[in-house]
Amino acid sequence: MRRRLLTWTTGACLIVGAGGLATVAAPTPARAAADCAAGQLISNGGFENGTSPWSQSNGVITSSASQSAHSGSHYAWLDGYGSTHTDTLSQSVTVPAGCTSASLSFYLHIDTDETTSSTAYDKLTAKAGPTTLATYSNLDAASGYTKKTFDLSAFAGQTVTVSFTGTEDSGAQTSFVLDDVALDVSGGGTTPPPPPPPSDSTRTPAKPAYTVSLSSDSAGTHWSGHESVSFTNASATPLSEVYLRLWDNAHGNCPTTPITVTNVTGGTPDALSVNCTALKVTLPGPLAQGQSGTVGFGLAIDVPSGADRFGHDGQFAFLGNALPVLAIRDADGWHLDPYTNNGESFYSLAADFDVTLDHPSALSVPATGTSQDSAGSAGRTVTRATARSVRDFAWAAGPFSKVSGTSPGGTKVNVYAVDGIGSSDTQNMLDVAESAIDAHAQRFGAYPYGEVDAVLDNNFWFGGMEYPGFVLDLVDRTALTHELAHQWFYGIVGDDEYNRPWLDEAFTDYATDLALGKDGAGCWNNVSWASPDEAITDSMAYWDAHSSRYSTVVYGYGKCALHDLRRVIGDSAMEQLLHDYAQSHWYGVSTTAEFKAAAQAATSTDLTSFWTQHRILD
């Protein structure tokens, strides 16, 4: 997963989620009463009662005498540093479904030392969920406050994050000062709540099989061709539609997107939704349990600039999450969660991939699965990568250097590096990978995919990222050991990464500690909760709104809880528990409730108080 490396206070290594304060990328259905009582929904909109429940960059909410409040003595001051800087401020609110009127208002003052009358150097963006309401800049500077008002009635029945992001360049300062934020709602009486999702807990569509054929340009940053996916309805509830997740469209500016789907066959496509990351395809007719269907489409991929999990760093392209994959329907309905840049949103069933990549011969193309190269047209190579029982497919393209080896346990390991990473570092990372893949296999079960590719770039802002049989990483022993542990937790043992990220991140960090000989002694002594309700098992919706807490709790507290569980039930019992749990969920999906039940079955000690103390909730 995405992370940076920091030093944990006990001396162990803590993996930290990257990215600043994030807003919820798309409104999610509210599970609240539908009545609409007239009132005002923003809490502490005048900033007079401290910072809660606002999420803010350090020092945004203030009573400094350098600016004046619109009312009272406190206000929110974004930017004003005269140097490259970003400030954020956000609060999530639920608009009752019965409301016919919802009006967001705030008072804004802008002052600047910029002298231009034509260039917007510094900007403030106001958003409601994924929707940009307005963008202001140094060009809008004026004395006093101006009231701004926006209609949010379209968000009735939803939870939406109201957010403000101020960005400032390295030149003269611009200050964006906010006060008296309000969201007034009224009218409409009672609207019936939306129908509940299907009660059938079976995950479907099942047995996905993807066939992909793509050809690249000379740089490996544009790919086009065709993709199809066959699937079976495993549920007793008829399957009338499927959803494709176009995750990397979150890297665009919806409706302008880097992933384009055209000429859909096997169903009727709807408009893109969830910030252009979801495409509904209505099937020709409902599929009964056991019946199968196939959806095909033309696919074009444009890789943006940037050393990202989807991006290109100069002549090296990285294509994580670039292929559209099927969403899951279960007892909670369709999982159409928003993309998060703070961690992962991905939740998919184990699938088979047969991917053909036609590219210039000067480009190496490491990829998920086992690859075979053959000669293409003049100056080109065709790489065919096949993978069985994997949750996603990723690849890279560029003139990488490469070293290869085989672990003592028999796994082939390839390490690819961008320019600027020396041969000694590449060889060291090969040694680390060979050791780590065997250490994890010994604990959780043999690595089933035959080979693994590690792609190194020290410009990755996020640290590292896992895909089946393929990881992106820095030159860092702990980081690579962590990403390879994800081959088991997320890869082989799946989970809903948006709603229960602890099930892969905490388990992976715990496995990393064991592989590096760390026992987590005393790490729970440093636990300090941000609120009475914060829990290790919170979803990415919570962590995106409290981004500074994500890695501290999910990684740090999560792995420490597992170390504590080992001390409660004993080393051998814990070792057996995790091995058996992985085996029983091999290519399946883990849930918190199932892990807690397995742990309880492994000991005669009542673990009820343990789960409560460690805030591991179902």
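**A first walk through the helices and salt bridges**

1. Let's start with one residue: Asp 513 has a relative accessible area of 3%, under the 20% cut-off, so Asp 513 counts as buried. Please keep in mind while reading that this is a predicted model.

2. What does the side chain of Asp 513 meet in a salt bridge? The partner is Lys 559, and the N to O distance is 3.3 Å. Asp 513 belongs to helix α3, while Lys 559 belongs to helix α5 (residues 547–569), so this pair ties together parts that lie 46 residues apart in sequence. Is Lys 559 buried or exposed? Lys 559 is buried too, at a relative accessible area of 1%. On the background to such pairs, side chains of opposite charge can pair when their charged atoms come close.

3. The pair in point 2 does not stand alone. Asp 509, Asp 513 and Lys 559 are joined into one network by salt bridges that share partners. Asp 509, Asp 513 and Lys 559 also appear among the residues through which α3 and α5 touch, which brings us to the helices themselves.

4. How do α3 and α5 cross? Their axes come within 8 Å, at an angle of roughly 60 degrees. An angle of roughly 60 degrees is neither under 35 nor within 65 to 115, so the two helices count as oblique to each other. The crossing of α3 and α5 is right-handed.

5. Which residues make this contact? From α3 come Trp 502, Glu 505, Ala 506, Phe 507, Asp 509, Tyr 510, Asp 513 and Leu 514. From α5 come Tyr 550, Val 554, Tyr 555, Gly 558, Lys 559, Leu 562, His 563 and Arg 566. Sorted by class, the contact of α3 with α5 holds nine nonpolar, two polar and five charged residues.

6. Helix α3 (residues 502–515) has another partner in helix α2 (residues 477–485): the two axes come within 8 Å and cross at roughly 125 degrees. An angle of roughly 125 degrees falls outside 65 to 115 and is not over 145, so α2 and α3 are oblique to each other. This crossing, too, is right-handed.

7. On the α2 side, the contact with α3 is made by Thr 478, Thr 481, His 482 and Ala 485. On the α3 side, the residues are Glu 505, Thr 508, Asp 509, Ala 511, Thr 512 and Ala 515. By class, three residues of this contact are nonpolar, five are polar and two are charged. A nice detail to look for on screen is that Glu 505 and Asp 509 are listed for the contact with α2 and are listed for the contact with α5 as well.

8. How many salt bridges does a search of the whole structure find? The search finds nine. One of them joins the side chains of Asp 354 and Arg 384, at 2.5 Å from N to O. Asp 354 sits in strand β27 (residues 351–360) and Arg 384 in strand β29 (residues 380–390), so this pair links parts that are 30 residues apart in sequence. Asp 354 is buried at 18% relative accessibility, whereas Arg 384, at 44%, is partly exposed.

9. A further salt bridge is formed by the side chains of Asp 571 and Arg 566, 3.3 Å apart from N to O. Asp 571 is exposed, with a relative accessible area of 52%, but Arg 566 is buried at 11%. Arg 566 is also among the α5 residues in the contact with α3.

10. Two residues outside these pairs are worth a visit. Ser 345 lies in the loop between β26 (333–334) and β27 and is buried at 2% relative accessibility. Beyond neighbours within four places in sequence, Ser 345 is in contact with Trp 247, Pro 338, Tyr 339, Thr 340, Glu 497 and Tyr 498. By comparison, Asp 618, in the segment after α8 (608–613), is exposed at 60%. With neighbours within four places left aside, Asp 618 is in contact with Arg 500, Thr 592, Ala 593 and Lys 596.

11. Finally, Ala 541 is part of helix α4 (residues 540–545) and is partly exposed at 32% relative accessibility. What separates the C-alpha atoms of Ala 541 and Ser 92? The distance is 9.8 Å, although the two residues are 449 residues apart along the chain.

Terms used
Residues are numbered from 1 along each chain as its sequence is written. This is a predicted model: local features need pLDDT of at least 70, side-chain atom pairs count only at pLDDT 80 or more; totals for chains, interfaces and linings use all residues. Side-chain values use heavy atoms; hydrogens and water are left out. Axes are lines fitted to C-alpha atoms, for helices over the stretch in contact, and angles run from 0 to 180 degrees between N-to-C directions. Helices (H or I, at least four residues) and strands (E, at least two) are DSSP runs, numbered from the N terminus. A crossing is left-handed if the near helix is turned anticlockwise from the far one by less than a right angle, and right-handed if clockwise. Contact means heavy atoms within 4.5 Å. Ala, Val, Leu, Ile, Met, Phe, Trp, Tyr, Cys and Pro count as nonpolar, Asp, Glu, Lys and Arg as charged, and the others, Gly among them, as polar. A salt bridge is a side-chain nitrogen of Lys or Arg within 4 Å of a carboxyl oxygen of Asp or Glu. Buried means under 20% relative accessible area, exposed over 50%, partly exposed in between (1.4 Å probe, protein chains only).
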